[in-house]
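The following paragraphs offer a guided reading of one protein model. Please keep the sequence and the structure in view while reading.

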Amino acid sequence: MEQQGGAEILSGPEAPGGTSKGSAWLRRFGGPLLSVLMLALALWALQKLAGEVSYHAVGQYLHRLRRGRIGQAVVLTALGYAVMTLYDMFALTAIGKPLPRRRVALISFISYAFSNTLGMALLVSGSIRYRFYIQAGLSTADVAKVVLFCTVSFWLGLCAVTGATLLLEPVSPQLPFAALHIPLGIVLTLLPLAWLLGGLLRREPLRFRRWQLALPSFGTALRQVMVGALDWGLAAAVLYALMPSEIVIDVTGKEVGDSIHISEVQLPAGSESAITDRDFTIATLVAPSALKKAEGDTSQIGRASCRE
């Protein structure tokens, strides 16, 4: 394979030219079969999701959201999918096979719509990209480079956002590995920094047996980290917009001094406590300060009457 700019895997000698009968059959029937498979997986995933959450629970959850939150989530989701198209655009530019933006945007949207719904992103989105990019004139090797570029960008963005969050935001000591959040944040932040500097400090590709990894230029690596971080940031913003503004706790039958544990709280549908090893206390009922003062004044008056 010829070495291109950007992050690609370069293999050893390719197979001789020519199209075999098996390859021709795959090109003719592989696309329709893949489309049917993706549709079946989508229907299966929707059926599983619908079985876990009832429509009544979803309606209650949406009703509790503040006004405008759903609109914010829709806008942020649309921006997120717009940013996802940059993965493919930057990848095609890096391997020297640019395509019309509208076509790339459509392919990217379809692949991420399926992978975000079904999971198994590398398999699902990679299969969809193969189907469409082969029709667009790319070779199998080119599609593999695009998938690799997008996957590396995705994880670089995750490392950058997670590392910065662990370093800048306080972490609850009750969470797992809370004591290691600073070292973990440093390691995760250093990974995208090393990727950025790799192309500047090392011109030759990294070699592992017959495989080679060509490090990208600084500009290409910067685009990878930025688009990945922006993608994750928008995804987090969508979840933040859809977080409930309040959680209602029923205290019927409770008295002053009683404690409320996490097991007694009805969490929003689909959510669960991050701490699962114990039934911890989240609140204790106390009397209002005004009531305490009134009771204190009453007791003082009673003691004064007794003295008289």
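In this predicted model, helix H6 (140-168) and helix H7 (181-201) each supply at least two residues of a nonpolar patch. The patch lies on the surface, covers about 540 Å², and is made by Leu167, Leu168, Ile182, Ile186, Leu190 and Leu193. Helix H7 gives the most to the patch, with four residues. One of the patch residues, Ile182, has its place in helix H7. With a relative accessible area of 37%, Ile182 is partly exposed, because the partly exposed class runs between the limits of 20% and 50%.

The helices just named belong to a longer arrangement. The protein contains nine helices and five strands. Followed along the sequence, these elements give the pattern β-α-α-α-α-α-α-α-β-β-α-β-β-α. Of the 308 residues in the protein, 30% are buried. The protein exposes about 20100 Å², and carbon and sulfur atoms supply 65% of this area. Among contacts between residues at least 6 apart in sequence, 67% join residues at least 24 apart.

The next topic is the interior. In soluble globular proteins, nonpolar side chains tend to be buried together. The largest nonpolar core of this model has 21 residues, and those with the most contacts inside it are Tyr87, Leu92, Tyr133, Leu138, Val143, Val146 and Cys150. Two or more residues of this core come from each of H3, H4, H5, H6 and helix H8 (218-241). H3 gives the most to this core, with seven residues. Apart from this core lies another, of eight residues, among them Leu148, Ala160, Trp195 and Ala221.

Val146 shows what surrounds one member of the largest core. If its neighbours within four places in sequence are left aside, Val146 is in contact with Asp88, Ala91, Leu92, Ile95, Arg129, Tyr133 and Leu138. Two residues in that list, Asp88 and Arg129, lead to the subject of charged pairs.

How many salt bridges does a search of the whole structure find? The search finds two. In one of them, Arg129 pairs with Asp88, and the closest N and O atoms are 2.8 Å apart. Arg129 lies in helix H5 (residues 121-135) and Asp88 in helix H3 (residues 69-94), so this pair ties together parts that are 41 residues apart in sequence. Both Arg129 and Asp88 are buried.

The other salt bridge is formed by Asp142 and Lys97, with the closest N and O atoms 2.7 Å apart. Asp142 lies in helix H6, whereas Lys97 lies in the loop between H3 and helix H4 (101-118), so the pair ties together parts that are 45 residues apart in sequence. Are the two partners buried or partly exposed? Asp142 has a relative accessible area of 7% and is therefore buried. Lys97, at 33%, is partly exposed.

Cysteines deserve a separate look. A disulfide is a covalent bond between the sulfur atoms of two cysteines. For a pair of sulfur atoms to count as a disulfide, the two must lie within 2.5 Å, and by this rule the count comes to zero disulfides. Cys150, one of the core residues with the most contacts, is buried, with a relative accessible area of 4%. Cys159 also counts as buried, at 14% relative accessibility.

Two further places show how positions in sequence and positions in space can be set side by side. Val75 lies in helix H3. At 49% relative accessibility, Val75 counts as partly exposed, because the exposed class begins over 50%. Val75 and Val238 are 163 residues apart along the chain, and their C-alpha atoms are separated by 8.8 Å.

The other place is Glu264, found in the loop between strand E4 (259-261) and strand E5 (281-284). Glu264 is partly exposed, with a relative accessible area of 38%. Leaving aside its neighbours within four places in sequence, Glu264 is in contact with Lys254 and Ser259. Glu264 and Thr281 are 17 residues apart in sequence, and their C-alpha atoms are 9.8 Å apart in space.

Methods: Residues are numbered from 1 along each chain as its sequence is written. This is a predicted model: local features need pLDDT of at least 70, side-chain atom pairs count only at pLDDT 80 or more; totals for chains, interfaces and linings use all residues. Side-chain values use heavy atoms; hydrogens and water are left out. Patches are made of residues with over 30% relative accessible area and no salt bridge: like charges are joined within 9 Å, nonpolar side chains (Val, Leu, Ile, Met, Phe, Trp, Tyr) within 5 Å. Accessible areas come from the Shrake-Rupley method with a 1.4 Å probe; for residues, only the protein chains shown count as cover. A salt bridge is a side-chain nitrogen of Lys or Arg within 4 Å of a carboxyl oxygen of Asp or Glu. Buried means under 20% relative accessible area, exposed over 50%, partly exposed in between (1.4 Å probe, protein chains only). A nonpolar core is a set of buried Ala, Val, Leu, Ile, Met, Phe, Trp, Tyr and Cys residues joined through side-chain atoms within 4.5 Å. Contact means heavy atoms within 4.5 Å.
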